[in-house]
Amino acid sequence: MAYKPFKGQGGSRMQNPHDQAAIIAAPDPEYRFTSQDGEESEVDSALGDDAFSDSSSHNSVTPSILEYRTIQGRTFHSERHSSFYLFPNDEQQLRSVDITHHYLRMLIGDKLFLAPISDNVQRVLDVGTGSGIWAIVFAEEYPQAEVTGTDLSPMQPLWVPANVKFEMDDCTQPWIWPEHHFDFVHIRFLFGAIADWDELLQQAYRVTKPGGWVQSCEADVEIRSDDGTVTPDSSYEQFWNSLYRNAGQRLGVSFQPIQDDVQKKAIEGAGFVNVHIRDFKFPIGGWPADENLAEIGKYAQLTLLNDAEGYTIFLWNTVMGENAPGYQEALFRMRQDLRNKRIHGYMRCRYVYAQKPETPSASTSTWS
Ligand SMILES: C[S@@+](CC[C@H](N)C(=O)[O-])C[C@H]1O[C@@H](n2cnc3c(N)ncnc32)[C@H](O)[C@@H]1O
């Protein structure tokens, strides 16, 4: 696979996009996890904190896009642009994005996606690409495909396969691509970023080729348990779940896309057919008895231990007030819960994939 330096984008931070884990069967959504209770230690160690080393460098794009907003030392996409995003765009957050890619792949059986696209797929769009890890790995595995990753922030690596490119684009604004352009539109983990999922999927419908596929993967961020170990007084409930519930109401975005059924409604509403839904649970922590699930859980735990701050700081300021006291203590308690093997927390995620009809009726997009 030929790699090329990608000009005009962010850092060269990702060292090894090939680094994928062993195959793990995707758990049944009804599956009830079995824990490793009875072990001597309650303390759950995450995978090595030194597992990620990186260096970063930045190239210049248009100067204004690099004018980031800073909150207590963390950088965010600037509120001066059309959209603002709630999580930072810095190295620390991007490490969590890359680890998330890794465990999501493990969760669905070492696959990059579930939609039955053709092996000879040509044009692929990854909306809200983040670190670009999905787009890069896809481009490597499908060298004949042209892969485009879009994001608000220019934070993708410099060295990428020759068949992937990144574009700065706000997916809540009118899309620039012609009708019937992409064979596959991939959308993953945009929870909290999208106020109107119907509009997003209408745009995806317009640019998908007849017979082409769309896939949406989202998580409900609430941490639950099946055995009552996430108690009402745990920090998961008092801090994390409560913060996200309140922030969702205040900001008018869904952090519970499964509970609110946003994906299926928007995909069907846009006109896609042949709709498939797959639900998964992923543990937070290495507490499951099943080795593979425990490994997935350790990666999920690591994303939160690595950057609990990045996932909450903007929401805390929004819900509790700028620099409201108690934040550091809440983070400390959250980290304690994350390391406590007796708390059997998990989150849910949903994959929905669907096809544009071979003979589509006129586009329903309000943007075209
Ligand atoms: C949690 S990350 C997920 C990244 C990637 N999809 C993945 O699964 O690895 C969400 C990404 O969506 C981007 N994003 C948020 N709002 C956006 C918008 N309106 N247009 C384009 N990208 C957006 C953020 O900048 C961030 O990189």
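This note goes through the sheet, the ligand surroundings and the helix packing of a predicted model.

1. The sheet. Seven strands form an open sheet with mixed pairing, and their order across it is S7-S5-S4-S8-S9-S11-S10. At the edges stand strand S7 (164–168) and strand S10 (273–283); each has a single partner strand, so one side of S7 and one side of S10 are left without a neighbour in the sheet. From one strand to the next, the twist averages 15°.

2. The pairing at the S7 edge. Strand S5, which covers residues 146–151, runs parallel to S7 and is joined to S7 by five bridges. One position that can be checked directly in the model is Gly-149, whose bridge partner in S7 is Phe-166.

3. A helix over the sheet. Helix H5 (residues 262–270) lies across three strands, namely strand S9 (208–224), S10 and strand S11 (346–355), and the angle at which H5 runs to S11 is about 10°. Of these strands, S10 is the one already described as standing at an edge of the sheet.

4. The ligand shell. The ligand is surrounded by 22 residues, of which the closest are Gly-128, Gly-130, Cys-171, Arg-188 and Ala-193. Helix H1 (91–107), helix H2 (133–141) and S5 are the elements that give two or more residues to this shell. By class, the shell around the ligand holds nine nonpolar, ten polar and three charged residues. S5 thus appears in two settings, as a contributor to the shell and as the parallel partner of S7.

5. H1 against H6. The helix H1 that contributes to the ligand shell also packs on H6, with axes that come within 9 Å and cross at roughly 160°. Because angles over 145 degrees count as roughly antiparallel, H1 and H6 are roughly antiparallel to each other, and their crossing is left-handed. On the H1 side the contact includes Arg-95, Ile-99, Tyr-103 and Leu-107, while on the H6 side it includes Ile-296, Tyr-299, Leu-302 and Asp-307. Eight nonpolar, eight polar and two charged residues make up the contact of H1 with H6.

6. H6 against H7. Helix H6 (residues 291–320) and helix H7 (residues 327–338) have axes that come within 10 Å and cross at roughly 155°, which makes H6 roughly antiparallel to H7. The crossing in which H6 passes H7 is right-handed. From H6, Gln-301, Leu-304, Leu-305, Ala-308, Glu-309 and Trp-316 meet Tyr-327, Leu-331, Met-334, Arg-335 and Leu-338 of H7. The residues of this contact of H6 with H7 comprise eight nonpolar, one polar and two charged.

7. H4 against H7. Helix H4 (residues 235–251) packs with H7 at an angle of about 120°, and the axes of the two are 9 Å apart. H4 and H7 are therefore oblique to each other, and the crossing they make is left-handed. Ser-235, Tyr-236, Phe-239 and Trp-240 of H4 meet Ala-330, Arg-333, Met-334 and Asp-337 of H7. Five nonpolar residues, one polar residue and two charged residues form the contact of H4 with H7. A residue to inspect here is Met-334, which is listed in the contact with H4 and also in the contact with H6.

Definitions and conventions
Residues numbered from 1 in each chain as written. Predicted model: local features only at pLDDT ≥ 70, side-chain atom pairs only at ≥ 80, totals over all residues. Pairing = 2+ DSSP bridges. Helix = DSSP H or I, 4+ residues; strand = E, 2+ residues; numbered from the N terminus. Axes fitted to C-alpha atoms, helices over the stretch in contact; angles between N-to-C directions. Contact = placed C-beta atoms within 7 Å. Near = placed C-beta within 6 Å. Nonpolar A, V, L, I, M, F, W, Y, C, P; charged D, E, K, R; others polar. Parallel < 35°, antiparallel > 145°, perpendicular 65-115°, else oblique. Left-handed = near helix turned anticlockwise from the far one by under 90°.
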